[in-house]
Amino acid sequence: MPVQLLKIIEGRSETPLPSHLQKEDLKHLQEGLDHTNKYFKGTVILSYPLTKLGDGTDFFKVVLQDLDNWCSRINSINILIYGKMAQDCAKVIRHGDMFVVAGFKLARSPTAREDGRHGCHLEVSEEAGSSIYIYVKPRTTAPSETASASVAPKYVYTPLNRLKDGTIVNLYGIVKFFKPPYVSKGTDYCSVVTLVDPSNVKLTCTLFNGNLDSLPKIYKVGDIVRFHRIKIREYNGQMQGITSAGFASLTFDGTVGAPLVPRTSSKVYTFMDEEQKTIEELRVWAASNLSISGPAAKLSGVQPMLFFDLTCQLVGKAKVDGSSFLLKVWDGTKCPYPTWKVPVEARDLEGEKVLLHQLRNLTVDILVYDNHVQLAKSLKLGSFLRIYSIHTKQASADDIEFHLHGGTCYGRGIGVLPDSNPDVKELKAFLESVALAESQNMESMSSVELDGTFNNVTDLESHLQRCQQLSVTVLTDHQDLSNTELKTILNSTAPQQYRIRAKLRSYKPQKLYQSVKLHCSKCNNLREVPDGDDFDLNLQSSACTAPNLELQNTSWYDSVMWTTQDHKERKIAIHFVKHDEMLQQPEDTLLMIEGGTLKEVWKLTKRFKCVIPVRSTEDDLELLDLSTPFLLQGNIKYYGCKQCSTPKPIKSLSSIAAEQRPSWEPTEIAQVLGIEPLQYVFVMRFTLVDGTGALNAYLFDYEKFFQIPASEILTNNFLQQKMQMTMNTLCPPERKLDDLPWLECFIKSYNVRDAVKHQVYYQIFDTTVAEDVV
C-alpha cells in the first residue's frame with residue numbers, strides 16, 4: 001500500500017519502517033542521485049487543495065519541515081504528489097503530522113527563490129514506486145478542548161536591532177511600507193512589508209502563503225503588526241524576514257486612541273494584557289517619529305500626474321483585453337476634471353445599468369494592468385476597495401485618465417476592506433446620502449428603461465439603425481460651430497476650421513496596420529515603424545563587441561555575464577538597475593542587455609518592466625544606433641528621432657534610480673538619455689462626401705479618434721479587431737452610398753507651399769468614434 005498510516009504508541013511507532021530504507025537529510029539532498037531506497041522525514045507545515053493537472057492527473061502539494069535542522073537558513077521543502085497517492089494523502093493529511101516520503105525523485109524547484117524553501121522538490125507517485133508513511137498520534141480530546149485547556153504560552157519579542165541571521169523570532173513592528181498581497185510566480189500569494197520600531201532599525205519581510213487570508217491584513221502605512229515565528233536571514237548586509245513553519249500574525253490600527261481590535265484569520269490566538277501597553281507605546285512613538293500620510297485622497301481632490309490611494313466602492317467592471325481590466329468606482333465626490341471613459345462593449349460591462357446611469361457623473365474608470373488583472377476579475381460588485389498608487393495621467397488638454405500600472409512598485413495593488421473597517425463605515429454613510437440625491441436628479445432614462453419602451457426586437461433594431469443614420473462620431477469641442485457644406489469648404493481660402501456632416505466613401509490604407517507611423521513632435525517628421533528583422537540585425541551587429549568587464553557591478557546596477565553554449569560562444573551581460581542599493585521585484589526592474597538576440601530580448605520583456613539594449617565603450621555603456629529601440633516595455637518598442645536626439649551616456653539613468661519613487665516611465669527615461677521620443681500615430685486619408693462635393697481629409701491621431709493607443713495596435717490582436725470593426729461601421733464594405741452612416745466631425749484647412757506649387761489640405765480634429773459603434 002503506497003500510503004500507510006502508522007500509529008504512535010508511547011512515543012514510538014507501532015510498525016517500523018522497512019529495514020532497507022535509509023534516512024536522507026535535507027542538507028544532503030542532491031540532484032542526479034538514486035533515491036529509490038532513501039526516505040525523507042519531516043513535519044507537515046502546509047498543504048494545498050487537491051487539484052487536477054491539464055491531463056486529468058490528480059495533484060497534491062505538501063510542505064515538510066526538517067525538524068533536525070530547525071535553525072538552518074533552508075529548513076523546508078515542497079513535496080509534489082501525483083495520481084492516486086495524491087487522493088489518498090489529501091483525505092488523511094493534517095498539519096503537524098509526521099510525514100515520511102520514500103522512493104522519491106528529486107527535481108529543481110522553480111519557486112525556491114520566492115518561497116524560501118529548498119532548491120529542489122520531491123516528486124512522488126505510485127507509478128514511480130514511491131511510498132508515503134504518515135504517523136498518527138492518538139487523540140484523547142478534541143482540538144478545541146485541547147486549545148482551551150492549555151495555558152497560554154509566554155512569548156518573548158525581539159527588537160528589530162537585535163535580530164540575528166538564521167533565527168526564528170517573534171516581533172512587533174510599525175508598517176512603514178507594504179505591498180498588498182499578489183500572486184507570485186509560483187503557487188503562493190506574496191506580500192512585502194517593511195517594519196520599523198523605536199530601535200530605528202528597518203526590517204523588510206517577504207511573506208508567502210497558499211491561502212490569501214493567512215497573510216497579514218494590512219490596510220495602510222502606520223498599522224502595527226505582531227509576527228510570531230518569522231525567520232530572519234541576512235542578505236547584502238541587511239536582515240530580512242521570511243515566513244517559516246507556524247508563522248502567524250495580528251494587525252492593529254496604528255492610530256492613537258483607536259480600538260485594540262486585532263485583524264487575523266486565525267480562530268485561536270493569544271493576546272496578553274501587557275501587549276496592549278506595547279501597542280499603545282508603539283502608536284505614540286509612531287505619531288512622533290514617523291511621517292505617516294493622512295487619509296487616502298478623494299476624487300474631488302485629484303490632480304493630473306498624481307500618485308494617490310483611493311478608498312471607494314466598486315459599481316462596475318469589464319474585461320478590456322488580455323493585459324488590462326476596467327474597474328468603475330466612486331467615493332461620493334466628483335472629480336474636478338473630465339475623465340476618460342474606457343471603451344468597452346455594453347455586453348462586457350458587469351453592473352446594474354440603472355445604478356451606473358445614476359452615478360455616471362460620479363464614477364471614474366480605472367484601468368488596471370498585468371498582475372492586478374486576476375484579482376480585479378475576482379472582485380465582487382458593491383465591495384469596498386482601497387486601491388494603492390493610482391496614477392492620474394493627462395489624456396488631453398482637459399481630460400485625465402486613471403491607471404493602476406502593472407507591478408508592485410510603491411505598494412501598487414488592490415485591497416478589499418471589510419464592512420467593519422472604520423473608513424468603510426464612514427464612506428457608506430456618506431454614499432447613502434449622495435446616492436439618494438443623485439437618483440432624484442436623473443437627467444435622462446437609463447438604457448434599461450430605454451429598452452423597455454420598444455415592443456419587440458424589430459422596433460429596437462429599427463431604432464438603432466435610425467441612430468446610426470444620425471451619426472457614428474462624437475464632437476469633443478467647438479459646439480458653437482454650425483455645419484458647412486463640402487462645396488463651400490472647397491471654394492474657401494485656408495486656413496479655417498469647419499464642422500461638417502458627411503459620409504465616408506473610402507479610406508486608405510485598406511490594410512489598417514499600415515496606418516501606424518512614428519512621428520517626431522519636434523521636427524514633425526514621419527517614418528515607418530521598423531520591422532523585427534532590422535532590430536535583430538542591429539542586435540547581432542552589436543553582439544560582435546564583447547562586454548567591458550570594467551563596466552560591470554557599479555554602485556547603481558548589478559551585472560551578470562555568461563557565455564552561450566552555441567558555436568558562436570557569445571558573451572551576454574545583463575545589468576540590473578538597483579534602487580536604494582537593492583534589486584527590485586522583476587515587474588518593477590529596469591535592466592540593460594549586451595550581446596543578446598531578438599528572441600532573448602523578448603523573453604526578458606515578458607518578465608521585467610523595462611529592457612534597454614546597450615553596448616560597451618571604454619568609459620560607459622551606450623545606446624545602440626537609434627534605428628534600434630532605445631527601450632522595450634511589454635510588447636511596445638520605443639524609438640528616438642535621429643535628427644533631434646543627442647544621446648547621453650547610460651549612467652544618466654542613475655539619476656532616476658536615485659529618486660524616491662522611480663516610475664521608469666518611457667518619457668522620463670528618454671529625457672535623461674537625451675532622446676527625443678517618436679510617438680506612434682495613425683495616419684489615414686478619408687474621402688468624405690455630402691452630396692455637394694467630395695474632399696480628402698487626413699486623420700492624424702494618437703488615440704483620441706479610435707480611442708485606441710496607436711502604440712499598442714501592432715502587437716494587440718484584440719485592438720486590431722476592434723479597429724477593423726470600427727472602420728467596417730464607418731465605411732461598411734459593399735454598401736451603397738445612400739446606406740452609409742453619417743459622420744459629424746471637425747476639419748481644418750491649411751496651406752502647403754513649395755517652390756513649384758501651392759496646395760490646400762484638410763485634417764480631421766477634435767472628433768472621436770462613438771462608444772456604442774462597436
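Two residues are in contact when heavy atoms of theirs lie within 4.5 Å. Keep that in mind while you look at the whole chain of this predicted model: among contacts with a separation of 6 or more, 64% join residues 24 or more positions apart.

**Stop 1: the whole chain**

Show the chain as a cartoon. You'll be looking at 15 helices and 39 strands. Of the 774 residues, 48% are buried. Switch on the surface and you have about 38,900 Å² of accessible area, with 50% of that belonging to carbon and sulfur atoms.

Now colour by pLDDT. The average for the chain is 81, and 85% of the residues score at least 70. Select residues 139–152, where the pLDDT is below 50; this stretch has five contacts in the model beyond near neighbours in sequence. Then select 436–470, where pLDDT also stays under 50. Here the model has 34 contacts beyond four places in sequence. Where pLDDT is low, don't read the predicted coordinates in detail.

**Stop 2: a barrel**

Next, pick out strands 12, 13, 14, 16 and 15. In that order they form a closed barrel of five strands, with mixed pairing. Neighbouring strands in this sheet are turned by 50 degrees against each other on average, ignoring direction. Add helix 4 (residues 273–289), which packs on the sheet and touches strands 12, 13, 15 and 16. The direction of helix 4 makes about 60 degrees with that of strand 12.

How do strand 12 and strand 15 pair? Select residues 168–183 and 224–235: these strands are antiparallel, with six bridges. For one pair to zoom in on, try L171, whose bridge partner in strand 15 is F227.

**Stop 3: a buried lysine**

Jump to K328 in strand 18 (residues 324–330). Is K328 buried or exposed? K328 has a relative accessibility of 13%, so it counts as buried, the cut-off being under 20%. Show side chains and look for D365: the side chains of K328 and D365 make a polar contact at 2.7 Å. Beyond four places in sequence, the residues in contact with K328 include Q313, K341, L349 and V364.

**Stop 4: two histidines**

Go to H391 in strand 20 (residues 384–394). With 4% relative accessibility, H391 is buried too. Which side chain does the side chain of H391 meet in a polar contact of 2.9 Å? Select H405 and you'll have the pair on screen. Leaving out residues up to four places away in sequence, H391 also touches M305, L306, F307, E401, F402 and H403.

**Stop 5: a loop residue**

Y410 sits in the loop between strand 21 (400–404) and strand 22 (413–417). Its relative accessibility is 14%, so Y410 counts as buried. Now select D588 as well: Y410 and D588 are 178 residues apart along the chain, yet their C-alpha atoms are separated by 9.3 Å.

**Stop 6: an enclosed strand**

Finish with strand 30, residues 590–594. Why is strand 30 described as largely enclosed by the rest of the structure? Because five of its five residues are buried. Turn the view and see that L590, M592 and E594 point one way, while L591 and I593 point the other way.

Then bring in the partners. Strand 28 (residues 571–579) runs antiparallel to strand 30, joined by four bridges, and A573 stands opposite E594. Strand 31 (residues 610–616) runs parallel to strand 30, also with four bridges. Here L591 has V611 as its bridge partner. Strands of a sheet pair through backbone hydrogen bonds, either parallel or antiparallel.

Conventions. Residues numbered from 1 in each chain as written. Predicted model: local features only at pLDDT ≥ 70, side-chain atom pairs only at ≥ 80, totals over all residues. Heavy atoms only, no water. Pairing = 2+ DSSP bridges. Axes fitted to C-alpha atoms, helices over the stretch in contact; angles between N-to-C directions. Buried < 20%, exposed > 50% of the residue type's maximum accessible area, 1.4 Å probe, protein only. Areas by Shrake-Rupley, 256 points an atom, 1.4 Å probe, with all protein chains shown as cover. pLDDT = per-residue confidence, 0-100. Polar contact = N/O pair within 3.5 Å; in protein donor to acceptor, adjacent residues only side chain to side chain.
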